[in-house]
Amino acid sequence: MKAHDGMYIDGAWRPAAGPDVIEVVNPADERVIATVPAGTVEDVDAAVRAARAALPGWAATPPAERAARLAALRDGLVARRDEIAETVTAELGSPLKLSQTVHAGVPIAVTGSYAELAATYAFEERTGNSTVFHEPVGVVGAITPWNYPLHQIVAKTAPALAAGCTVVVKPAEDTPLVARLFARAVHEAGIPAGVFNLVTGLGPVAGQALAEHPGVDLLSFTGSTAVGRRIGAIATGMVKKVALELGGKSANVILPGADLARAVNVGVANVMSNSGQTCSAWTRMLVHRDQYDEAVELAAAAAAKYGDRIGPLVNAGQRERVRGYIEKGVAEGARLVAGGPDSPHERGYHVSPTVFADVTPEMTIAQEEIFGPVLSVLRYADEEDALRIANGTVYGLAGAVWAGDEAEAVAFARHMETGQVDINGGRFNPLAPFGGYKQSGVGRELGAHGLTEYLQTKSLQF
Ligand code: NAD
């Protein structure tokens, strides 16, 4: 057990203002592996002041130099790849291979993409008799969740730094260790003091203090819709800019001409990956009624194969929440064809890969985000019905369409109310804008669209 006692503020590890700590638990064996300081209003204030003081210098740093620092940061993350993976596995519980490829690999790719964008983006343009400057928004307050702990920090920090903003991050309580590791990499990359600051702490204390701080110009939040709505209201009330990345209940639509086995297998893998703790997971599989029984059989077999290959959920509370949803699915009349509420292990916060058949669109498990390894398979009569079901939730973050013909899949996707759609198994693209329609959020992350979130325009007329 390691007791960490500093927070990264103004380029140094400073002791916390208060005595309280947060215990970090390994979800695979339920042991406390570390403690970190629980930051208070004073710590947040010190971090925001440091970020404000550093803003003029960093905003005036030429984009090519900001790009060079980001490239150095990417190289530092590459050098620490194994340490990142081991840390995420220890605090989140994800299998080491997933930690290496996704939890370490994606943030490295995203940091690299912003090193390139900082160097190439047109921060100045001409239109008619005007010159338009794209200037940094200012001090960014970033509040992040635990499910992809480093990715969520990088998806906000890298574009903010590329834009010339300075940042204060408040990471999730469950996963502060990889955030600390990131701060060390930032320091080693020669990013000036105060440009990046890290305050660990509880959401309702340190998170809320950041949302309410008058020195924050833009609040970027990723997490639950309930918290996002609350702190979004606080920040908007203070006329801060607000970006919200919230929940999802994405539809995986399998049209009759698709390769059914592939669509079902990839669909199940998509839901089970990271133990279902993925906001963009395709948790509703929509299958034509003529292929329904075959799809359910395939899905149940695919889920059963996962057995021990998925890790635990992040904490006991999440496990109870997911079990509650599984029990609710049974109570509302859905048919369990794989998994169930019982834990397959004695220790650790595990839930079995679970598949429900005979799910109807109004059931709780077809409407609410479960955030666990639970797939609902729904039946549709025709394309119109499939579209109505796909669009029939308050969310709109991601989705998939499978068809025999790509043009047919694209035509269907164009009618979906959602921010991303993978066509016939299209791969994740770290340059494509990511974000939600409807109650899945406000704003976009990643790529050039993610960069513009941290810029504001100034027009000079001649
Ligand atoms: P959460 O909303 O409880 O916590 C997210 C962050 O907000 C944490 O850092 C937490 O400390 C902080 N927080 C909590 N209460 C706060 C408050 N009152 N004021 C300020 N900050 C506060 O969510 P979670 O349980 O950590 O994460 C799971 C949820 O996040 C899921 O619903 C999931 O869909 C969503 N999520 C969305 C995306 C996306 O990109 N759209 C990505 C990951 C997770």
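How many cavities of 30 Å³ or more does the count come to? In this predicted model, the answer is four cavities. Before turning to these enclosed spaces and to the open pockets, it helps to meet the parts of the chain that surround them.

The domain assignment divides the protein chain into domain 1, made of residues 2-246 together with 440-461, and domain 2, which covers 251-429. The centres of domain 1 and domain 2, taken over C-alpha atoms, are separated by 31 Å. To the contact, domain 1 contributes 22 residues and domain 2 contributes 23 residues.

Two sheets can be described next. One is an open sheet of seven strands with mixed pairing, and its order reads β15-β16-β17-β14-β13-β18-β19. At its edges stand β15 (335-338) and β19 (422-423); each has a single partner strand, so one side of each has no neighbour in the sheet. Within this sheet, β16 (residues 354-359) runs parallel to β17 (residues 374-380), and four bridges join the pair. One of the bridge partners can be named: T354 is matched with V374 in β17. Helix α9 packs on the sheet, where it touches β13 (251-254), β14 (284-288), β16, β17 and β18 (399-402). The direction of α9 makes about 175° with that of β13.

The other sheet is also open, with three strands in the order β6-β7-β21 and antiparallel pairing. Here β6 (124-127) and β21 (455-461) are the edge strands, each pairing on one side only. On average, neighbouring strands of this sheet are turned by 25° against each other, direction ignored. Strand β7 (residues 130-136) pairs with β21 in the antiparallel sense over seven bridges. In that pairing, P136 has L455 of β21 as its bridge partner.

With the sheets in place, the open spaces come into view. The largest pocket holds about 890 Å³ of space. It is lined by 32 residues, and those closest to its centre are Y148, N270, T278, S280 and F428. Three helices, α4 (96-120), α5 (149-163) and α9 (260-272), each supply at least two residues of this lining. Of the contributions to the lining, that of α9 is the most, at four residues. By class, the lining of the largest pocket comprises 16 nonpolar, twelve polar and four charged residues. Where does the largest pocket lie with respect to domain 1 and domain 2? Both domains give residues to its lining, so the pocket lies between them.

The second largest pocket contains about 720 Å³ of space. Its lining counts 34 residues, with F221, T222, G223, S224 and V227 nearest the centre. Two or more residues come from each of α7 (203-212), β11 (218-222), α8 (225-237) and α11 (316-331). The lining of the second largest pocket has 14 nonpolar, 13 polar and seven charged residues. Domain 1 and domain 2 each provide at least three residues of this lining.

Finally, the opening question leads back to the cavities. The largest cavity has about 90 Å³ of space. Of its 14 lining residues, A251, R284, A390, A398 and T418 are the closest to the centre. The lining of the largest cavity is made up of six nonpolar, five polar and three charged residues.

Terms used. Residues are numbered from 1 along each chain as its sequence is written. This is a predicted model: local features need pLDDT of at least 70, side-chain atom pairs count only at pLDDT 80 or more; totals for chains, interfaces and linings use all residues. Side-chain values use heavy atoms; hydrogens and water are left out. On a 1 Å grid over the protein atoms alone, a cavity is a set of points where a 1.4 Å probe fits but cannot get out, and a pocket is an open set with protein on both sides within 12 Å along at least five of seven lines; lining residues have an atom within 4 Å of a point. Grid points are joined across faces, edges and corners, and a volume is the space filled by probe spheres set on the points. Ala, Val, Leu, Ile, Met, Phe, Trp, Tyr, Cys and Pro count as nonpolar, Asp, Glu, Lys and Arg as charged, and the others, Gly among them, as polar. Domain bounds come from an automatic or database domain assignment. Two strands pair if DSSP finds at least two bridges between them. Contact means heavy atoms within 4.5 Å. Axes are lines fitted to C-alpha atoms, for helices over the stretch in contact, and angles run from 0 to 180 degrees between N-to-C directions.
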